[in-house]
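Trainee: Hi, have you got a few minutes to go through a structure with me? I'd like to ask some quick questions as we look.

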Amino acid sequence: MHFKNWISNDSQSLKLRSGFYAVEIPYSQLDSIVMVERIPPMERLNGFSALEKEKGIFREFKDSLTDRKVHVFVDNIGQQKVKLVYKDSAYLYFNLKDSVETIHLLDELTAKMNSLRTPN
């Protein structure tokens, strides 16, 4: 169940699930999407690291006084990760086992986010 990320996206939102870790982000709440080489140092609140995988809920060290949680759905720690910022300050990091699929999903999400910002 935790061996891979399950991603679905419809016309309204992106849904990520890995085992019992799950998040749904409406496209209207996306603020930015960028590709990063590594995730920042964080404290794991719950989740796991195994082989190339990093999954769970974390807290960044620089914000350890706040209760801001970061969701991590990384299938391959050695590859680039997508960093999503939503709801003005919530973070989520993810990638897929296949880097080409990760880039394709990044392009798709960027297009959806930009279409919501472009006036008709």
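Trainee: Leaving aside neighbours within four places in sequence, which residues is Glu54 in contact with?

Mentor: Happy to help, and keep in mind that this is a predicted model. Glu54 is in contact with Ile39, Arg44, Phe48, Ser49, Val72, Phe73, Val74 and Ile77, once its neighbours within four places in sequence are set aside.

Trainee: Which side chains does the Glu54 side chain make polar contacts with?

Mentor: There is one with the side chain of Arg44, at 3.1 Å. Another, of 2.6 Å, links the Glu54 side chain to that of Ser49.

Trainee: And is Glu54 buried or exposed?

Mentor: Buried, because its relative accessibility is 15% and the cut-off for buried is under 20%. As for where to find Glu54, look in strand β6, residues 53-60.

Trainee: Okay, switching to Tyr86. Which strand is that in?

Mentor: Tyr86 belongs to strand β8, which covers residues 81-86. Tyr86 counts as buried too, because its relative accessibility is 6%.

Trainee: What is Tyr86 in contact with, beyond four places in sequence?

Mentor: The list is Val23, Ile25, Gln29, Leu30, Asp31, His71, Tyr91 and Leu92.

Trainee: How far is the C-alpha atom of Tyr86 from that of Arg117?

Mentor: Those two C-alpha atoms are 14 Å apart, and the residues are separated by 31 places along the chain.

Trainee: New topic: pockets. What volume does the largest pocket have?

Mentor: About 210 Å³. It is lined by 13 residues, and those closest to its centre are Asn5, Ile7, Leu96, Glu101 and Leu105. Two elements, β1 (6-9) and α1 (99-117), each give two or more residues to that lining.

Trainee: Which element gives the most to the lining?

Mentor: That's α1, with 4 residues.

Trainee: What's the lining like by class?

Mentor: The lining of the largest pocket has 6 charged, 4 nonpolar and 3 polar residues.

Trainee: Back to β1, then. How does β1 pair with β2?

Mentor: In the antiparallel sense, over 4 bridges, with β2 spanning residues 13-18. The two strands form a hairpin with 3 residues between them. If you want a pair to click on, Trp6 has Arg17 in β2 as its bridge partner.

Trainee: And how does β2 pair with β3?

Mentor: That pairing is antiparallel as well, with 6 bridges to strand β3, residues 21-26. Ser18 is bridged to Tyr21 in β3. β2 and β3 form a hairpin with 2 residues between them, and Gly19 in the turn has a positive phi of about 65°.

Conventions. Residues are numbered from 1 along each chain as its sequence is written. This is a predicted model: local features need pLDDT of at least 70, side-chain atom pairs count only at pLDDT 80 or more; totals for chains, interfaces and linings use all residues. Side-chain values use heavy atoms; hydrogens and water are left out. Buried means under 20% relative accessible area, exposed over 50%, partly exposed in between (1.4 Å probe, protein chains only). Contact means heavy atoms within 4.5 Å. On a 1 Å grid over the protein atoms alone, a cavity is a set of points where a 1.4 Å probe fits but cannot get out, and a pocket is an open set with protein on both sides within 12 Å along at least five of seven lines; lining residues have an atom within 4 Å of a point. Grid points are joined across faces, edges and corners, and a volume is the space filled by probe spheres set on the points. Ala, Val, Leu, Ile, Met, Phe, Trp, Tyr, Cys and Pro count as nonpolar, Asp, Glu, Lys and Arg as charged, and the others, Gly among them, as polar. Two strands pair if DSSP finds at least two bridges between them. A polar contact is a pair of N or O atoms within 3.5 Å; within protein, one must be able to donate a hydrogen and the other to accept it, and residues adjacent in sequence count only if both atoms are side-chain atoms.
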